[in-house]
Amino acid sequence: SDQNEGFTDEGYFVTGTEQLPIDSKVNGVEGSSNPMNSSRTSNFTLLSHDFIDGESLDLMNACALQGGADHNMQLSWANLDPNAVELAVVMDDETYPCGIGEKACPHWGVYSIPSSTLEIAHHSNTKYPMSQAHNGQNSYQGACPLNGEHTYKVTLYALSQSIDSNALTGSKITRASFTGRYASEILETATLTGTWSLHTPP
C-alpha cells in the first residue's frame, strides 16, 4: 500500500496519503542530520498543534496534580529522510533538581514507530513500546515541576534500522541515553522545546 499511518485519539492509527494541514498554532523546528550517517542537508522538521516552540506547554500536557491531564502533545513532522526505517520520540527535563544529559528526568519515550507514520495525535493510545518515565510509568507523564519554571525537550529520531525497543521498556530513557545507545542508527533529529511553571489548580 502507498498509504501512510498516523496515530489517532480514536484508535492506534489511521491511514492517509496527505500531510496534516498546518494552522497558526503549529510550530516547526528544523532538525539536524548525523554526519556519521548522511551527507544530506537536513530539513527535518518537528511540528505541534499544542504549543509553540520555546513557549509554554498546553495545560493538558501537564500533570493532573497541577490541573493538567497527562495528555501527550500532538506531533507531526516533515522532510523525513527517505532512508529512515523507523522513528522514536523521547521527552525529558534537564531543569534542577533534575540532572543534565543521562541524569535528566524522562517524561515520555515511544519506539518502533513505522517511518510511514504521519503524526502522533494528542492523547493517543499507542501499541508501540514505551520506556519508563521518571516515576516508573510506561506512559506519557505530564510536566509537573515542584519549583519555578522547567524546560521540556521533545526529540524525534529518524533511524536507519529497527532497534530492539522491547529492551527499553524496563528502563528510564533520556534523550542523551538514547543518543548514546543508538548513535550509529540515528540519521537525523528534530526537537521542540516547551516550558511549564509550577501551577496550583483552581
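1. Let me start with S112, which sits in strand 8. Keep in mind throughout that this is a predicted model. What caught my eye is the backbone here: S112 has a positive phi, about 60 degrees, although it is not a glycine. Most residues other than glycine have a negative phi. As for the side of burial, S112 counts as buried because its relative accessibility is 19%, and the cut-off is under 20%.

2. H123 has a positive phi too, about 50 degrees, and is not a glycine either. Where does H123 sit? Its place is the loop between strand 9 (119-120) and strand 10 (149-159). With a relative accessibility of 38%, H123 counts as partly exposed. I'd look at S112, in strand 8, and H123, in its loop, one after the other.

3. Next, a peptide bond to check. Y96 and P97 are joined by a cis peptide bond, with omega about 15 degrees. As a rule, most peptide bonds are trans. P97 belongs to the loop that runs between strand 7 (86-93) and strand 8 (105-114).

4. Now the cysteines. How many disulfides does the structure hold? There are two. Counting bonded cysteines along the chain, the pattern is 1-4, 2-3.

5. One of the two disulfides is formed by C63 and C144, with the sulfur atoms 2.1 Å apart. C63 lies in the loop between strand 5 (45-48) and strand 6 (75-78), and C144 in the loop between strand 9 and strand 10, so this pair ties together parts that are 81 residues apart in sequence. The link is right-handed, with 60 degrees about the S-S bond. The partners fall into separate burial classes: C63 is buried at 5% relative accessibility, whereas C144, at 24%, counts as partly exposed. H123 is found in the loop between strand 9 and strand 10 as well.

6. The other disulfide joins C98 to C105, S to S 2.0 Å. Is this link left-handed or right-handed? The torsion about its S-S bond is about -105 degrees, so the disulfide is left-handed. Both cysteines are buried: C98 has a relative accessible area of 13%, and C105 has 19%.

7. To sum up what I'd open in the viewer: the cis bond between Y96 and P97, the positive phi at S112 and at H123, and the disulfides C63 to C144 and C98 to C105.

How values were computed:
Residues numbered from 1 in each chain as written. Predicted model: local features only at pLDDT ≥ 70, side-chain atom pairs only at ≥ 80, totals over all residues. Heavy atoms only, no water. Helix = DSSP H or I, 4+ residues; strand = E, 2+ residues; numbered from the N terminus. Buried < 20%, exposed > 50% of the residue type's maximum accessible area, 1.4 Å probe, protein only. Disulfide = S-S within 2.5 Å.
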